Amino acid sequence: MIERVDSSLALLSDPSEEAFPLTSVSADRGRVTARVPIQVRETLEMAAGIVGATVNQFIVQTALCEAERVIEQERVIRLSARDAEAFLRALDAPPPPNDELTAALEDYLTRRDDQTGTLDWRPRQKRV
């Protein structure tokens, strides 16, 4: 069996331990299928065998790890120390609003419905 530990895979010493919580019977399950070439299937079977998992378990766990990595990569902004300092300085002392920002605020205020808290999202006519 394999277990996810800090976005990596680690072998379990006791194969009876539940490493794949998605394998339990549940009414909240969906189905994911994929058609792959024979060479891909053989590679997946070999990798799953090495870690002591079924092909389905291996695919689900590996895809889940990659999905979590992609989501984290999109949610987390990493800055150098210099860039972080510049960003914080800009937050502490923002520049005055320019004409475009002022026009956007005025547009927002005219389109806002104070009764419902929503905006009138009808498209504006294109400027020619």
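I began with helix H2, which runs 55–75; H2 has 21 residues and spans 30 Å from first to last C-alpha, close to the 30 Å expected at 1.5 Å a residue. The expected span is 1.5 Å times one less than the number of residues. The model is predicted: local features need pLDDT of at least 70, side-chain atom pairs count only at pLDDT 80 or more, and totals for chains, interfaces and linings use all residues. Residues are numbered from 1 along each chain as its sequence is written, and side-chain values use heavy atoms, without hydrogens and water.

I listed the buried residues of H2 (under 20% relative accessible area, 1.4 Å probe, protein chains only): Val55, Gln57, Phe58, Gln61 and Cys65.

I then looked up the largest nonpolar core (buried Ala, Val, Leu, Ile, Met, Phe, Trp, Tyr and Cys joined through side-chain atoms within 4.5 Å). Its five residues are Ala48, Val51, Ala53, Val55 and Phe58. Helix H1 (38–51) and H2 each give two or more residues to this core.

For the whole protein chain, I noted four helices and four strands, in the order β-β-α-α-α-α-β-β from the N terminus. Helices (H or I, at least four residues) and strands (E, at least two) are DSSP runs, numbered from the N terminus. Buried residues make up 10% of the 128 residues.

Finally, I checked leucine 79, in the loop between H2 and helix H3 (81–92). At 45% relative accessibility, leucine 79 counts as partly exposed, a class that lies between buried and exposed (over 50%).
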